[in-house]
Amino acid sequence: MELERKIEILAESAKYDVSCSSSGVENNTRQGTVGSTAVSGICHSFTPDGRCVSLLKLLFTNACIFDCHYCINRKSNAIPRATFTPQEVADLTMDFYMRNYIEGLFLSSAIIKNPDYTCELLIKTLKILREEKGFRGYIHVKAIPGADEKLIEELGFLADRMSVNVELPSRESLKLLAPDKDPFDLYKPMKQITTVKKEQEFLPAVRRGPSFVPAGQSTQMIIGASPESDRSIVKISENLYQKYQLKRVYYSAYIPVNQDNLLPAVTTEPPLLREHRLYQADWLLRFYKFTADEILSEDRPNFNLYLDPKANWAVQNYQRFPVDVQTASYDQLLRVPGIGPKSAQNIVKARKYYRLHLTDLKKLGIVIKRAQYFIACNHETPAGLIKDPEWIITSLISSKQYEVLKKHNTQSTSEQLTLFDVERFEHAKSR
Ligand code: SF4
């Protein structure tokens, strides 16, 4: 098979993997024009220091032996199949790199023949790149679940980042929708990567040798293919961050690609707002010191589609506000909608030298429009007299936004609903 045809097939098959940030973005440039990434995939990823790097995104093979219900590449689908050779992937990467199109490679794979064989092919590819071609660019590679520990370790010494996709948020869903996968096999490489990295950190610098997965590990969960609540997904993410020190958990709104009785109908819209809320909650876990139990409770296990999780928490915990910007601790400031880690630091630094006024807060990066209901500045709340939490909700949501969300709710059957009821909202809005 021609290399170009392989690229066409395998870049198309790789686009459902969102473990790098720009995956799945619709690009309206025409194919064949400059800037068109409609077919072959170049995606963007972010390094720990915040730099954005372009990666060549490829699937090594889509000739999978597994039959996961939700996957376009499952063995029971009649789709064109292709497999690269290690040399082809290495040559492609170098060609793109030398032309300055990319700074690294994102290499994933379906399971061809068996997990060990697949992992060996990935190792061969990375060895050609690192050892024969001297490629020192960034490489993100999939750890193949079920592969031998020695192979995973060898792969980890060649890559910068590895990811093992959890795929679905519960064992039950995995059993039902990915019957060939053993949940144990998914978590085993994660655990191994964490352990080897820790062991390496404890060694004196001179004895460390080559770095093992220096950019850490990540995972991906599909949202909306199975019935788990938002709370259970956020709790799993929290657990993964704590237990395996993951760098990122990526969420992928399920795009129905297969007609299947166990899955939402093919006409179902991907739950993009839910995916967005999960990323917001993820941000709260990683940078705002929230716990999963604070973000969503057993009584209210799904996101408020009208309010982002932080604003929602603030409204539900209104008795804790307003906080005085002159005296509140850093952690208290961090809980205020409209104040982020950087602006909270700015407040703490600035107030050592002078008394803060509303105009100062704007200069320090606070979004007053959101924060005004939750802060006191010079003994006054900028929003004036606060009536009640419901009044805050209606003030935070513009009528236009509300109409869009309402329409979205009525159309979408797969969305999770809702925190406050629409009738009460209508009533409050009309007051
Ligand atoms: S293992 Fe499952 S999810 Fe992965 S490519 Fe094969 S069918 Fe798709």
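How do the residues of the shell around the ligand divide into nonpolar, polar and charged? In this predicted model, the shell holds five nonpolar residues, two charged residues and no polar ones. The residues around the ligand are C64, F66, C68, C71, R74, A110 and K181. Counted as charged are Arg and Lys, and the list includes R74 and K181. Cys, Phe and Ala count as nonpolar; C64, F66, C68, C71 and A110 are listed around the ligand.

Aromatic contacts were examined next. The structure holds eleven aromatic pairs. One of them joins W313 and F321. A pair of aromatic rings is described by the distance of the centres and the angle of the planes. For W313 and F321, the centres are 6.1 Å apart and the planes meet at 85°. The geometry is edge-to-face, because planes over 60 degrees apart count as such. Both W313 and F321 are buried. These two residues also belong to one aromatic cluster, together with F290, Y373, F374 and W391.

F290 has a further contact. The charged end of R335 sits over the F290 ring, 3.8 Å from its centre. A second arrangement of this kind involves K113 and Y117. Here the charged end of K113 sits over the ring of Y117, 4.4 Å from the ring centre.

Helix α1 covers residues 3-14. Its twelve residues should span 16 Å at 1.5 Å a residue. The end C-alpha atoms are 16 Å apart, which agrees. Buried residues in α1 are K6, I7, I9, L10, A11, S13 and A14. An α-helix has 3.6 residues a turn, so residues three or four places apart point the same way.

Note on methods: Residues are numbered from 1 along each chain as its sequence is written. This is a predicted model: local features need pLDDT of at least 70, side-chain atom pairs count only at pLDDT 80 or more; totals for chains, interfaces and linings use all residues. Side-chain values use heavy atoms; hydrogens and water are left out. A residue is near a molecule or strand if one of its heavy atoms lies within 4 Å of it. Rings of Phe, Tyr and Trp (its six-membered ring) pair if their centres lie within 6.5 Å; planes under 30 degrees apart count as stacked, over 60 as edge-to-face and the rest as tilted. Buried means under 20% relative accessible area, exposed over 50%, partly exposed in between (1.4 Å probe, protein chains only). A charge sits over a ring if NZ of Lys or CZ of Arg is within 6 Å of the ring centre and within 35 degrees of the ring normal. Helices (H or I, at least four residues) and strands (E, at least two) are DSSP runs, numbered from the N terminus. The expected span of a helix is 1.5 Å times one less than its number of residues.
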